[in-house]
Amino acid sequence: MAEGDYNAVAEAIKKIIPNEDYDDGSIGPVLVRLAWHASGTYDAATGTGGSNGATMRFPVEAKDGANNGLEHARRFLEPIKQQFPWITYADLWTFAGKVAVEFMGGPVIPWKAGRVDYVDESNVPPNGRLPDGAKGQDHLRHIFYRMGFNDQEIVALCGAHNLGRCHADRSGFDGAWVPSPTRFSNTYFKLLLHEDWYLQKNAVGVEQYYDEDKDLMMLPADYSLIKDREFKPWVEKYAEDKELFFDHFSKVFSKLLELGVRRNKKTGIAEINYVDKVNNPENAKI
C-alpha cells in the first residue's frame, strides 16, 4: 500500500475496533484514552511533552499509574503498525483516537500527520502531568491550564467519559459512566446533571459516586463539574445541545492531539521537544 495512505490506515483501524473479547465488545474507548494520555503530558510554559515522540513506548511513562491498562491499546495497534511501517507510533496513536471517536458516532476530528518517534527516553516528560480522577475542580484547572485549555474546553474534554469504563485493577475506580459506553453522545452530561449521585467506597475501597441503582458511576473529578459555578453552565449547555457539544469536542480534541507538535515549516515534520529547555518561545505558534 502507498506510503501516506491514511484512508487505508483508517479502514484497518476500523476493522479491529469491534472486539468481543474486550470491554463491551469494542476497543474504541481505550484507543481514545491512548490518544488522550499520549497527548496530555504537554506543558505550555516549556513546550515539553505532548503527542510528539510517542514517549509512552518507554518504561518511565508506560509505568505511570495514570497509564495503567494502556498497554492493551498499544498492543491492539501493533498489527496496524506492522501493516503500515511508514506511519510513526506518535501519528498512529493519535490517528487511532480520531478514527475511534468517529467510528463510535462522534464528530469528525481534524488531524494532521508529521509527528516523530523519539529514539530514546531522554526527552520523556516527567510523570504526574495527567489528571487524577479522585480530585476536584482545582486539580482539573491546574492540569488543564498547564496545557493551555480554558474552562469550556476542560468540560468538553471531560465529555470523553461518554466512552469506556474504569477498572479497579488499573485506576482503582470501577464501572461505566453511561449505559452505552461504546457510542459517543452527550449522555454523560445529562446523567451528571439529572441523576442523583451518592459517594461510596467501591469493592477495593476507593471512593466514587454511584447512581441510585449502582449501575453507573462518576469520578470525584466528574462530580466537581456540577459543583463549580464556571464549569456547571457548560455541563448544562452540553446536556441540552448535542450538536454544540460535538462541535466543541471536535475542536478541543483536535487541539489536544496537536499539543507539543511543532512542525518544521519546510518539511512538515515535528521538532523534538527537549525536556531540558524551553521549546515554546512566546512567538512560536503551536
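Of the 286 residues in this chain, 55% count as buried. Keep in mind that this is a predicted model. The chain has 11 helices and five strands. Its radius of gyration is 18 Å, close to the 19 Å that the globule rule gives for 286 residues, so the chain is as compact as a globular protein of that length. The C-alpha trace spans about 55 × 45 × 35 Å along its principal axes. As for contacts between residues at least 6 apart in sequence, 69% of them join residues at least 24 apart.

I will start at the N-terminal end. Helix 1 runs over residues 6-16, and its buried residues are Ala8, Val9, Ala10, Ala12 and Ile13. What covers them? The cover includes helix 2, residues 28-39, together with helix 4 and helix 5, the last being residues 89-103. A general point on helices helps here: with 3.6 residues a turn, residues three or four places apart point the same way.

Helix 4 covers residues 70-83, and glutamine 83 belongs to it. Glutamine 83 is partly exposed, because its relative accessibility is 42% and the buried class stops at under 20%. From glutamine 83 to alanine 10 the C-alpha distance is 12 Å, with their positions 73 residues apart in sequence. Alanine 10, to recall, is one of the buried residues of helix 1.

There are two cases of a charge over a ring to show. Arginine 75 lies over the face of phenylalanine 76, 5.5 Å from the ring centre. Lysine 81 has its charged end over the ring of tyrosine 89, at 4.9 Å from the centre.

Next, some loop residues. Two of them have a positive phi without being glycine. Aspartate 24 sits in the loop between helix 1 and helix 2, with phi at about 55 degrees. Alanine 54 sits in the loop between helix 2 and helix 3, residues 59-62, with phi at about 50 degrees. Which of these is buried and which is partly exposed? Aspartate 24 has 40% relative accessibility and counts as partly exposed, whereas alanine 54 has 3% and counts as buried.

Aspartate 64 is in the loop between helix 3 and helix 4. Despite the charge on its side chain, is aspartate 64 buried or exposed? At a relative accessible area of 12%, aspartate 64 is buried, because the class takes in everything under 20%. Setting aside neighbours within four places in sequence, its contacts are Asn127 and Gly128. Arginine 129 is 65 residues away from aspartate 64 in sequence, and their C-alpha atoms are 9.8 Å apart.

Methionine 104 is in the loop between helix 5 and helix 6, the latter being residues 137-147. Methionine 104 is buried, with a relative accessible area of 2%. Which residues does methionine 104 touch, leaving aside neighbours within four places in sequence? They are Ser26, Gly28, Pro29, Val32, Leu163, Thr182, Arg183 and Phe184. Leucine 163 is 59 residues from methionine 104 along the chain, and the C-alpha atoms of the two are 8.9 Å apart.

Phe184 takes us to the aromatic residues. How many aromatic pairs does the structure hold? The count is 21. One of them joins phenylalanine 245 and phenylalanine 246, edge-to-face, at 5.9 Å centre to centre and 70 degrees between the planes. Phenylalanine 245 is buried at 0% relative accessibility, and phenylalanine 246 is also buried, at 13%. Both belong to a cluster linked by ring pairs, made up of Phe184, Tyr188, Phe189, Trp234, Tyr238, Phe245, Phe246, Phe249 and Phe253.

Some of those cluster residues also take part in a helix contact. Two packed helices are described by the angle between their axes and the distance between the axes. For helix 10, residues 232-240, and helix 11, residues 242-258, the angle is about 115 degrees and the axes are 5 Å apart. From helix 10, Trp234, Lys237, Tyr238 and Glu240 meet Lys242, Leu244, Phe245 and His248 of helix 11. By type, the residues of this contact are four nonpolar, one polar and three charged. Trp234, Tyr238 and Phe245 thus appear both in the contact and in the ring cluster.

Technical notes:
Residues are numbered from 1 along each chain as its sequence is written. This is a predicted model: local features need pLDDT of at least 70, side-chain atom pairs count only at pLDDT 80 or more; totals for chains, interfaces and linings use all residues. Side-chain values use heavy atoms; hydrogens and water are left out. Rings of Phe, Tyr and Trp (its six-membered ring) pair if their centres lie within 6.5 Å; planes under 30 degrees apart count as stacked, over 60 as edge-to-face and the rest as tilted. Buried means under 20% relative accessible area, exposed over 50%, partly exposed in between (1.4 Å probe, protein chains only). A charge sits over a ring if NZ of Lys or CZ of Arg is within 6 Å of the ring centre and within 35 degrees of the ring normal. Helices (H or I, at least four residues) and strands (E, at least two) are DSSP runs, numbered from the N terminus. Axes are lines fitted to C-alpha atoms, for helices over the stretch in contact, and angles run from 0 to 180 degrees between N-to-C directions. Contact means heavy atoms within 4.5 Å. Ala, Val, Leu, Ile, Met, Phe, Trp, Tyr, Cys and Pro count as nonpolar, Asp, Glu, Lys and Arg as charged, and the others, Gly among them, as polar. The radius of gyration is taken over C-alpha atoms; the globule rule is 2.2 Å times the number of residues to the power 0.38.
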